[in-house]
Amino acid sequence: MPQTDDELLAFETSDLEDWDEQRARAALGGRYGALYRNHLRIALHLDSWAEAEGGRTDVDAHYKAGYTQALQDMAAFLRQTYYLPRGPD
């Protein structure tokens with residue numbers, strides 16, 4: 001069952017440096033709404049991946065921290081609409 005827009009936007013925003021809910025909602029309603037929804041679904045997957053990586057014991061702690069941070073950063077960039085095409089909507 002597809003997730004609603006509200007479900008896709010139900011994530012913690014306090015760590016996002018450039019979060020703008022109006023921009024996100026406008027993106028959902030804009031020309032690239034389907035693409036942005038896909039980005040939000042990918043971000044959810046990246047969250048799960050980062051959580052799983054955080055529990056690994058078979059890698060160096062610094063490597064694990066960096067890898068986890070990279071996954072979290074990518075999810076944040078996707079959520080903040082950074083990878084949507086720019087230009088007139």
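**Group meeting: a four-helix chain**

Let me start with one helix pair. Helix α2, residues 21-29, packs against α3 at an angle of about 125 degrees, and their axes are 6 Å apart. The angle and the distance between the axes are how two packed helices are described. An angle of about 125 degrees makes α2 and α3 oblique to each other, because oblique covers the angles left over once under 35, 65 to 115 and over 145 degrees are assigned. Before I go further, please keep in mind that this is a predicted model.

Which residues of α2 and α3 meet? On the α2 side they are Ala24, Ala27 and Leu28, and on the α3 side Gly33, Tyr36, Arg37 and Leu40. By class, the residues of this contact divide into five nonpolar, one polar and one charged.

Now the chain as a whole. The protein chain has four helices and zero strands, so the pattern along the sequence reads α-α-α-α. The C-alpha trace spans about 45 × 30 × 20 Å along its principal axes. There are 89 residues, and 27% of them count as buried. The accessible surface comes to about 6000 Å², with 52% of that belonging to carbon and sulfur atoms. As for contacts, take those between residues at least 6 apart in sequence: 64% of them join residues at least 24 apart.

Next, the salt bridges. How many salt bridges does the count come to? The count comes to seven, and I will go through three of them. As background, side chains of opposite charge can pair when their charged atoms come close.

One is within α2. Glutamate 21 and arginine 25 meet through their side chains in a salt bridge, 3.1 Å from N to O. The two residues are four apart in that helix, which means about one helical turn separates them. Glutamate 21 is partly exposed at 42% relative accessibility, and arginine 25 is partly exposed as well, at 35%. This pair does not stand alone: Asp6, Glu21 and Arg25 are linked in a network of salt bridges.

Another joins the side chains of aspartate 18 and arginine 23, at 3.5 Å from N to O. Aspartate 18 has a relative accessible area of 31% and is partly exposed. Arginine 23, with 28%, is also partly exposed.

The third on my list is between aspartate 58 and arginine 56, where the closest N and O atoms are 2.8 Å apart. Are these two residues exposed or partly exposed? Aspartate 58 counts as exposed, because its relative accessibility is 58% and the cut-off is over 50%. Arginine 56, at 27%, is partly exposed.

I will finish with two single residues, one in α3 and one in α4.

Asparagine 38 is found in α3, which runs over residues 33-54. Its relative accessibility is 36%, so asparagine 38 counts as partly exposed. Between asparagine 38 and leucine 9 there are 12 Å in space, C-alpha to C-alpha, and the two are 29 residues apart in sequence.

Threonine 68 sits in α4, residues 61-79. Is threonine 68 buried or exposed? Threonine 68 is buried, because its relative accessible area is 11% and buried means under 20%. What does threonine 68 touch, leaving aside residues up to four places away in sequence? The contacts are with Ala50, Glu53 and Gly54. Helix α3 covers residues 33-54, so these three contacts of threonine 68 in α4 lie in α3.

Definitions and conventions. Residues are numbered from 1 along each chain as its sequence is written. This is a predicted model: local features need pLDDT of at least 70, side-chain atom pairs count only at pLDDT 80 or more; totals for chains, interfaces and linings use all residues. Side-chain values use heavy atoms; hydrogens and water are left out. Buried means under 20% relative accessible area, exposed over 50%, partly exposed in between (1.4 Å probe, protein chains only). Contact means heavy atoms within 4.5 Å. Axes are lines fitted to C-alpha atoms, for helices over the stretch in contact, and angles run from 0 to 180 degrees between N-to-C directions. Ala, Val, Leu, Ile, Met, Phe, Trp, Tyr, Cys and Pro count as nonpolar, Asp, Glu, Lys and Arg as charged, and the others, Gly among them, as polar. Accessible areas come from the Shrake-Rupley method with a 1.4 Å probe; for residues, only the protein chains shown count as cover. A salt bridge is a side-chain nitrogen of Lys or Arg within 4 Å of a carboxyl oxygen of Asp or Glu.
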